[in-house]
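User: Please take a close look at one part of this structure, and then lead me outward from there. I am a first-year student, so please explain each term as it comes up.

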Number of protein chains: 2
Amino acid sequence: MDSDRPRRPTLDTVASAVGVSRATVSNAYNRPDQLSASLRTRILETARSLGYAGPDPVARSLATRRNAAVGLMLPQGLSVAFTDPSLSIVLDGLASTVDGHDHCLVLMPGNDTGGPRPETVSRAQADVVVAYSLPDSAPALSAVSARGLPLVVIDQPVISGTARVEVDDSGGARLAASHLLALGHSRFGILTFALHPDGYRGPVSCSRRASIPFRVSRDRLTGYLDALENGGVAAENVPVWEASGSGRELGREGARWMLTRTPRPSALLCASDQLAFGALQAARDLGLSVPGDVSVVGFDDVPEASVSDPPLTTVRQPLAEKGRLAGQLALKLLAGARPPRATRLDVSLISRASCAPSK
Amino acid sequence: MDSDRPRRPTLDTVASAVGVSRATVSNAYNRPDQLSASLRTRILETARSLGYAGPDPVARSLATRRNAAVGLMLPQGLSVAFTDPSLSIVLDGLASTVDGHDHCLVLMPGNDTGGPRPETVSRAQADVVVAYSLPDSAPALSAVSARGLPLVVIDQPVISGTARVEVDDSGGARLAASHLLALGHSRFGILTFALHPDGYRGPVSCSRRASIPFRVSRDRLTGYLDALENGGVAAENVPVWEASGSGRELGREGARWMLTRTPRPSALLCASDQLAFGALQAARDLGLSVPGDVSVVGFDDVPEASVSDPPLTTVRQPLAEKGRLAGQLALKLLAGARPPRATRLDVSLISRASCAPSK
DNA sequence: TTGTACGCGTTATCAA
DNA sequence: TTGATAACGCGTACAA
């Protein structure tokens with residue numbers, strides 16, 4: 001018999017040490033009013049002396065079916081959450097809403113398929129899950145619904161039975177493109193972040209434009225091209241560069257390609273401010289002036305957009321609000337509410353110094 | 001009997017539907033090699049048709065004693081993680097190390113006591129916990145060790161049995177103060193973030209300086225004052241403003257107070273770059289020139305420090321490295337290693353344009 | 001206060 | 001090989 005190895009103490013250990021039942025020890029921790037103060041003290045002291053740290057969280061979750069945690073599914077690795085400025089703002093909004101409810105936030109890393117692996121989802125301990133901009137029909141999404149967890153999606157198409165927060169991305173893109181058209185531009189370039197979750201960076205072929213799984217990329221690209229078509233610019237003549245993410249360096253790389261083409265575009269439509277900042281850098285690298293030689297429009301309106309050189313004309317979307325709303329929805333679902341109708345947030349064009357009339 | 005309510009299917013449900021034992025169904029999910037392919041297929045199909053989403057994560061964790069999650073204890077609400085630039089960089093480093101190991105990151109919110117509540121900790125489902133700059137002897141820390149979870153501390157004093165990453169904060173502070181002394185300054189002001197986790201903002205009394213629970217604040221403040229004393233400046237004559245956090249607005253507020261005193265300090269020592277940026281703003285507000293009228297030194301060297309107006313002289317600490325190291329330690333502890341010796345990271349002074357010789 | 005059924009799997013060990 | 005048996009993990013909650 002090796003029953004003398006030092007096993008972790010459990011409720012039972014404490015119960016038999018004190019000479020009461022397991023239920024009473026449980027009550028000592030969870031319902032102080034169910035037993036006398038003196039017994040409770042005796043129990044807690046015995047527990048301490050035995051090195052018992054209180055009810056095991058996992059066992060407790062198993063019994064209560066609650067985890068006191070909000071899950072968040074990311075489209076990429078964990079670090080995007082802390083790296084991408086616009087995502088951080090959304091998450092700040094989400095976090096400040098969830099804060100004060102004593103819930104943890106469980107970040108679920110995505111991988112190169114554009115979201116967490118289904119296995120990651122099935123292991124994650126959360127009571128409600130928020131999905132941020134995953135590709136349509138990501139396996140992670142079905143994994144959540146298979147588990148029957150309430151789901152809030154941000155920047156995704158309608159998924160039945162889930163709450164949803166969305167922004168008018170195609171409207172925003174049209175705003176940006178129309179602005180440039182109104183300034184007389186006719187040679188455009190489009191810089192977008194990932195259309196497909198395969199890590200590709202480079203010029204976008206027609207076939208690649210066909211079925212784009214990321215709703216945001218799809219809507220922005222479509223919005224740009226629609227507006228340009230309406231303005232008399234044939235979509236097939238507009239070069240599109242796909243960056244694998246939304247980083248500044250990626251934008252710089254794409255813009256360099258764009259700005260060294262012949263003919264050189266006089267206006268760059270960028271799907272995010274980060275890409276646009278990279279484009280500003282690329283222009284500097286090439287000795288081009290913005291907006292003298294090329295106009296640049298971003299998307300998001302992160303704080304830096306107002307202080308960049310030059311300040312960036314961009315499409316403002318209410319990032320913090322988006323996160324707050326998602327947080328509120330998550331809390332509602334947590335409380336058992338049915339998913340309400342989707343809220344659509346508005347966007348607007350913020351005109352700054354990075355655009356000028358075409359010469 | 002109300003046994004006809006639709007309970008969620010479990011392993012047993014599937015097992016009896018297929019006519020095998022629970023163990024076999026479990027094997028179908030976890031050890032495909034333990035049963036024939038055909039039986040496995042049959043099991044998985046039955047499971048699907050019953051709406052069974054696979055083994056319950058909580059029950060599985062209970063049985064395996066593993067959660068596939070890394071916990072992170074924050075000194076404040078969840079949103080600091082996405083809001084504070086220097087913290088975000090640390091977390092990026094941490095996250096990129098943990099990424100690829102299929103672990104979730106569980107963010108545990110702190111409250112106004114300077115860390116997560118012990119209850120939050122005892123409920124959190126994680127296999128290892130990282131603590132970021134909590135006050136000494138925070139209840140959350142004992143809660144972790146009570147649970148017997150491996151712990152990595154960042155920016156904290158020695159805690160026996162835990163792995164640790166630290167930076168030479170007092171050395172960095174001395175560097176900053178010596179630099180200003182060397183420039184001939186003699187009237188100083190110190191701007192620090194929270195010394196105590198009570199939300200106080202304002203001038204710091206002597207008693208408040210006595211026992212400071214935040215190691216980082218304590219070491220930086222001590223470092224500043226030590227160096228000043230060595231330079232012949234009496235510590236008791238140096239005004240200290242405590243901001244409740246590290247935000248820019250908080251720095252602006254403190255610097256305004258500092259710069260409207262008589263005599264006005266000619267040099268401001270700021271415990272973070274964010275506070276320093278606020279100080280730059282306060283100087284602008286008051287029509288003072290930096291470094292003409294007042295010199296400002298920060299701490300951290302976040303990216304913005306090199307592009308602020310004026311570029312900020314600051315103490316560089318390896319933020320990303322700090323996070324990466326913490327991540328590596330967490331992974332090691334996860335693998336069962338003993339906590340290695342603490343690693344101490346070096347700091348250096350980055351001299352930019354925000355300091356000038358005293359007139 | 002307590003007895004006890006229940007929550008849901010995992011993983012030896014054993015038998016065919 | 002293939003699959004089954006049964007002990008174990010640790011609490012919660014309700015009826016008595």
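Analyst: Helix α12 (residues 248–259) of chain A lies across β6, β7, β8 and β9 of chain A, and its direction makes about 155 degrees with that of β8(A). Helices here are DSSP runs of H or I with at least four residues, strands are DSSP runs of E with at least two, and both are numbered from the N terminus. Angles run from 0 to 180 degrees between N-to-C directions, and the axes are lines fitted to C-alpha atoms, for helices over the stretch in contact, where contact means heavy atoms within 4.5 Å. This is a predicted model, in which local features need pLDDT of at least 70 and side-chain atom pairs count only at pLDDT 80 or more, whereas totals for chains, interfaces and linings use all residues. Residues are numbered from 1 along each chain as its sequence is written, chains are lettered from A and ligands numbered from 1 in the order in which they are written, and side-chain values use heavy atoms, with hydrogens and water left out.

The strands under α12 belong to an open sheet of chain A, in which seven strands follow the order β7-β8-β6-β9-β10-β11-β13 with mixed pairing; two strands pair if DSSP finds at least two bridges between them. At the edges stand β7 (202–203) and β13 (348–350) of chain A, each with a single partner strand, so one side of each has no neighbour in the sheet. Strands of a sheet pair through backbone hydrogen bonds, either parallel or antiparallel. Inside this sheet, strand β6 (residues 188–192) of chain A runs parallel to strand β9 (residues 267–270) of chain A, and four bridges join them. A:Leu191 has A:Cys270 of β9(A) standing opposite. Helix α11 (residues 215–230) of chain A also lies across strands of the sheet, namely β6, β8 (240–242), β9 and β10 (295–300) of chain A, at about 170 degrees to β6(A).

Chain B offers a sheet to set beside this one, again open, with seven strands in the order β7-β8-β6-β9-β10-β11-β13 and mixed pairing. Its edges are β7 (202–203) and β13 (348–350) of chain B, each of which has a single partner strand, so one side of each lacks a neighbour in the sheet. Two bridges pair β7(B) with strand β8 (residues 240–242) of chain B in the antiparallel sense, and B:Trp241 in β8(B) is the bridge partner of B:Pro203. Helix α11 (residues 215–230) of chain B packs on this sheet, where it touches β6 (188–192), β8, β9 (267–270) and β10 (295–300) of chain B and makes about 170 degrees with the direction of β6(B).

Moving on from the sheets, one can also follow how helices of chain A pack on one another. Helix α1 (residues 11–18) and helix α2 (residues 22–30) of chain A have their axes 8 Å apart at an angle of about 105 degrees. That makes α1(A) roughly perpendicular to α2(A), because angles under 35 degrees count as roughly parallel, over 145 as roughly antiparallel, 65 to 115 as roughly perpendicular and the rest as oblique. A:Leu11, A:Asp12, A:Val14 and A:Ala15 of α1(A) make this contact with A:Arg22, A:Val25 and A:Ser26 of α2(A).

In turn, α2(A) packs against helix α3 (residues 37–50) of chain A at about 95 degrees, with axes 10 Å apart, so α2(A) is roughly perpendicular to α3(A).

Helix α6 (residues 85–98) and helix α14 (residues 319–334) of chain A pack at about 40 degrees with their axes 7 Å apart, and are therefore oblique to each other. The residues of this contact divide into seven nonpolar, six polar and two charged; Ala, Val, Leu, Ile, Met, Phe, Trp, Tyr, Cys and Pro count as nonpolar, Asp, Glu, Lys and Arg as charged, and the others, Gly among them, as polar.

Some details of the backbone complete the picture. Most residues other than glycine have a negative phi, and most peptide bonds are trans. A:Asp309 and A:Pro310 are joined by a cis peptide bond with omega of about -5 degrees, and A:Pro310 is found in the loop between β10 and β11 (313–316) of chain A. In chain B, the peptide bond from B:Thr262 to B:Pro263 is cis, with omega near -5 degrees, and B:Pro263 is found in the loop between α12 (248–259) and β9 of that chain. A:Asp102, in the loop between α6 and β2 (104–108) of chain A, has a positive phi, near 60 degrees.
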